[in-house]
Amino acid sequence: MTDLTAGAARLARIREDYTALTRRKRVYGSILLILFVALMAAGFRTADARNAGSFADGWRRILDYPSEVLAEAWAEIGQLPAHLAHFLPALIETLNIAAASTLIGLIAGTFLALMSTRGMALWPALIPLFRRISDICRAIPEIVIALVLIFVLGGGPVPAMIAIAIHTAGALGKLFSEVNENASLKPVEGLQSVGANWSQRMYLGVIPQVGPNYVSYALLRFEINIRASAILGFVGAGGIGYELRNAMSWGQGRYDEAAAIFLLLFVTIVVVDQISGHLRDRLAHGVKA
Amino acid sequence: MSSFATDLSTDALKLEAGRLFARKRLLNFGLPALVLIYLIYIFFAFDVPGLYDGASWKNGRTLVSDSYSYKTHVTRDNRSGVVSVAIEGERMGAYPEGMTPDWVALGDTAVVDLEGGHVVRFGAGTVEYDIPGYGTVRATPNRSAGVQAELPPGAVPAWINVSKNRLAITTDAGRLTVTRNRAEVFRYFAGWELFWFTLDSPYHGKSLLEVMRLAASGEGGAIWRDFWNNAMWRHKDVAWAIFETILMAFLGTLGAGIVALPLAFLATRNFNPFRSVRFAMRRVFDFVRGVDALIWTVVLARAFGPGPLTGALAILITDTGTFGKIFSEALENVDRKQIEGVQSTGANAPQRYRFGVIPQITPVLLSQLLYFLESNTRSATIIGAITGGGIGLLLTQAIITQKDWEEVAYYIVLIILMVMLMDWFSGWLRRRLIRGEGRARRRPRDPKARRFLLP
């Protein structure tokens with residue numbers, strides 16, 4: 001607090017200091033802003049120059065493809081229910097890939113998180129090792145593992161499932177270990193005092209505390225993984241993405257199928273987002289009485 | 001939490017507790033059982049048992065061995081008698097005329113020393129291979145009679161494959177193939193060949209110390225040029241590809257932030273009194289988010305063609321939806337008092353937003369932007385693989401050719417390093433900027449602030 005009884009000289013100095021501070025802050029702010037704008041502009045120009053088609057020509061054509069697809073789908077609207085039914089198994093496969101990889105990732109991520117949290121790890125000396133493992137799992141884009149596994153195992157849902165599960169394990173491992181650090185260690189110590197082994201301590205002492213948070217994060221991951229599994233299908237891992245690529249490569253005349261797949265994918269993502277958002281809300285704030 | 005009525009008798013309480021226990025037990029065993037049943041269903045639905053038979057383990061072995069080793073081909077054209085040496089059998093890796101590795105001796109009889117007593121001789125008419133512990137295999141290729149092979153007496157071992165027109169011998173030291181038209185020896189080496197300099201560069205085969213001495217004596221530019229334009233590993237193209245990928249993530253994320261911020265105001269209850277506009281804006285965000293990045297990529301690739309701009313725009317559009325949702329939620333939670341405080345000093349509307357609202361949401365805004373910057377680096381790799389651009393394109397190309405697995409391994413390592421670097425960078429920036437806002441400065445011992453220090 002400023003001493004109010006101080007003289008006018010002191011007040012003037014304070015005001016001077018304050019204006020200098022504000023001015024410096026403003027100068028820094030504007031330098032940063034100019035730098036940022038310059039970076040964005042230069043980046044955009046570089047990207048534009050290295051692209052096959054330029055932005056100036058392309059933006060008028062953005063709506064060409066969607067309108068073509070929609071026009072064709074509209075012309076054959078009667079076929080839509082049949083197409084939807086036809087692609088439903090592929091959609092279920094995509095959902096299964098997402099769900100299975102989320103579950104496997106959840107189990108592996110829980111393990112990684114417990115092993116890399118102080119006070120809970122089974123081997124405290126190996127905490128840095130497990131941290132690095134989950135960092136590396138998180139850093140690998142799914143497509144890298146998926147493409148390599150497709151080469152060895154052949155196309156199909158399993159490469160996609162493994163690829164997404166590895167990334168999910170890393171991502172959830174990090175989020176979970178942050179949750180773990182806020183958990184109380186007292187139940188663990190209590191269980192240890194009555195002779196519980198490590199898995200009992202974790203299952204009875206830690207999991208009940210962190211469970212809701214874990215499930216909330218896993219649901220968020222499930223939403224992300226549906227998108228990921230659709231994309232991986234596009235590079236040959238089965239599911240709705242694979243059907244989409246086929247429908248698109250047939251080109252004109254089959255756009256009604258592409259439209260049906262777009263529709264299925266869109267509705268699925270929106271519905272799952274809504275349900276999982278609602279569930280996460282309930283987990284975070286408790287059941288509204 | 002369940003609460004117990006206090007006026008219950010002991011028996012009733014016991015019953016209640018028993019019921020609670022039964023429910024917990026059901027949950028504790030039922031949930032894992034459900035998960036297990038689902039995974040078993042997946043196991044059969046995805047045909048995991050059939051996968052084992054369908055898998056090509058040969059591909060897997062090639063992939064693994066090729067990713068850390070390379071082979072040098074010594075080939076003799078049987079018609080002309082010319083012997084050529086090329087790394088991986090590629091034109092770019094061919095030894096120039098008159099230059100051979102020291103384990104190949106040219107002459108009337110070319111001698112290829114595979115070490116450990118394994119020696120292959122390309123004679124005038126006959127190819128000989130001395131195999132220690134087995135004997136000498138002779139093969140005489142002939143235009144009309146195919147390949148006539150003479151093996152030591154006894155049964156033909158499994159690692160020798162003889163037919164009328166072809167002889168193939170695979171040993172630990174290398175591999176010899178003789179056909180009517182040519183004889184070829186592969187010798188395997190560990191490591192990535194020609195990673196620094198190709199054979200036509202004067203710096204090939206020099207040690208690091210030597211190269212550094214040459215660089216110090218003024219050849220630095222030439223050394224860098226030879227490395228940068230390495231035709232085998234294409235360091236220049238790879239660096240550009242990495243840069244393109246990061247550029248996609250950067251432009252997409254920040255562009256989305258710039259587009260989403262003003263729109264987010266329209267989607268909030270407290271800043272936008274028009275219900276219909278609010279509702280429409282929220283549905284727009286939902287729509288943009290629901291039409292996945294995959295579909296945006298497909299649509300945009302039609303308009304702009306392959307390249308980094310397409311990827312950047314796909315990320316921009318998808319994330320506009322996500323940011324719009326997150327920012328509007330943050331805006332709905334701003335404290336009115338701060339805005340009123342600014343208003344009470346006579347601030348006009350822009351000033352109220354600038355000093356009353358923006359400082360409150362900056363931490364959320366920045367941390368989300370930086371978090372997405374990291375995750376979009378990964379997305380940009382994937383989008384690049386679909387549209388064609390950046391490191392994702394190089395990776396898919398290398399995988400599709402199915403022979404440059406050392407390049408695939410190199411790209412994977414680069415991608416992982418790139419993502420980890422972006423992760424570290426965004427974490428560092430987040431720490432700097434958000435602490436700079438003065439929130440954490442008040443609580444330097446904040447457990448959350450310490451947590452971010454972990455990578």
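**Strands, helices and domains in a two-chain model**

Trainee: Which strand does strand β10 (residues 166-170) of chain B join, and through how many bridges?
Mentor: This is a predicted model. In it, β10(B) runs antiparallel to its partner. The two are joined by five bridges, and the partner is β11(B).

Trainee: How many residues lie between β10(B) and β11(B) in their hairpin?
Mentor: β10(B) and β11(B) form a hairpin. One opposed pair of these strands is B:T170 and B:R175. The number of residues between the strands is three.

Trainee: Where does strand β11 (residues 174-179) of chain B go next, and how many residues does that hairpin use?
Mentor: Five bridges join β11(B) to strand β12 (residues 182-190) of chain B. These strands run antiparallel. The hairpin from β11(B) to β12(B) passes through two residues.

Trainee: Which residue in β12(B) stands opposite B:V178?
Mentor: Take B:T177 to begin with: B:E184 in β12(B) stands opposite that residue. For B:V178, the residue opposite in β12(B) is B:A183.

Trainee: Which strands are the edges of the open sheet with the order β2-β1-β12-β11-β10-β9 (chain B)?
Mentor: This sheet has six strands with antiparallel pairing. Each edge strand pairs on one side only. The edges are β2 (83-87) and β9 (160-162) of chain B.

Trainee: What is the average twist from one strand to the next in that sheet?
Mentor: The sheet is an open one of six strands, paired antiparallel. From one strand to the next, the twist averages 10 degrees.

Trainee: Why is one side of β3 (104-105) and of β8 of chain B left without a neighbour in the sheet?
Mentor: Look at the open sheet in the order β3-β4-β5-β6-β7-β8 (chain B). Its six strands pair antiparallel. β3 and β8 of chain B stand at the edges, so one side of each has no neighbour, as each has a single partner strand.

Trainee: How many residues form the hairpin from β7(B) to β8(B)?
Mentor: Strand β7 (residues 135-142) of chain B and strand β8 (residues 146-150) of chain B run antiparallel. Five bridges join them. The hairpin goes through three residues.

Trainee: Which residue in β8(B) is the bridge partner of B:N142?
Mentor: Another bridge in this pair of strands links B:T140 with B:Q148. For B:N142, the partner in β8(B) is B:G146.

Trainee: Now the helices of chain A. How is α4(A) set against α7(A): oblique or roughly parallel?
Mentor: Helix α4 covers residues 80-115 of chain A, and helix α7 covers residues 157-181 of chain A. Their axes come within 6 Å and cross at roughly 40 degrees. Angles under 35 degrees count as roughly parallel. The crossing angle therefore makes α4(A) to α7(A) oblique.

Trainee: Which class of residue has 16 members in the contact of α4(A) with α7(A)?
Mentor: The two helices pass in a right-handed crossing. Their contact includes nine polar residues and one charged residue. The class with 16 is nonpolar.

Trainee: How does α7(A) run relative to α9(A)?
Mentor: α7(A) packs against helix α9 (residues 198-237) of chain A with the axes 9 Å apart. The angle is about 150 degrees. Angles over 145 count as roughly antiparallel. So α7(A) to α9(A) is roughly antiparallel.

Trainee: How many nonpolar residues does the contact of α7(A) with α9(A) have?
Mentor: The crossing of α7(A) and α9(A) is right-handed. Six polar residues and one charged residue belong to the contact. The nonpolar count is 18.

Trainee: How many residues of chain B are in contact with chain A?
Mentor: On the chain A side, 50 residues take part. That side divides into 34 nonpolar, eight polar and eight charged. On the chain B side, the number is 56.

Trainee: How far apart are the C-alpha centres of the two domains in chain A and in chain B?
Mentor: Chain A is assigned domain 1 (8-59) and domain 2 (67-285). Chain B is assigned domain 1 (69-190) and domain 2 (235-451). The distance is 39 Å in chain A, and in chain B it is 57 Å.

Terms used. Residues numbered from 1 in each chain as written. Chains lettered and ligands numbered in written order. Predicted model: local features only at pLDDT ≥ 70, side-chain atom pairs only at ≥ 80, totals over all residues. Axes fitted to C-alpha atoms, helices over the stretch in contact; angles between N-to-C directions. Helix = DSSP H or I, 4+ residues; strand = E, 2+ residues; numbered from the N terminus. Parallel < 35°, antiparallel > 145°, perpendicular 65-115°, else oblique. Left-handed = near helix turned anticlockwise from the far one by under 90°. Nonpolar A, V, L, I, M, F, W, Y, C, P; charged D, E, K, R; others polar. Contact = placed C-beta atoms within 7 Å. Domains from an automatic or database assignment. Pairing = 2+ DSSP bridges.
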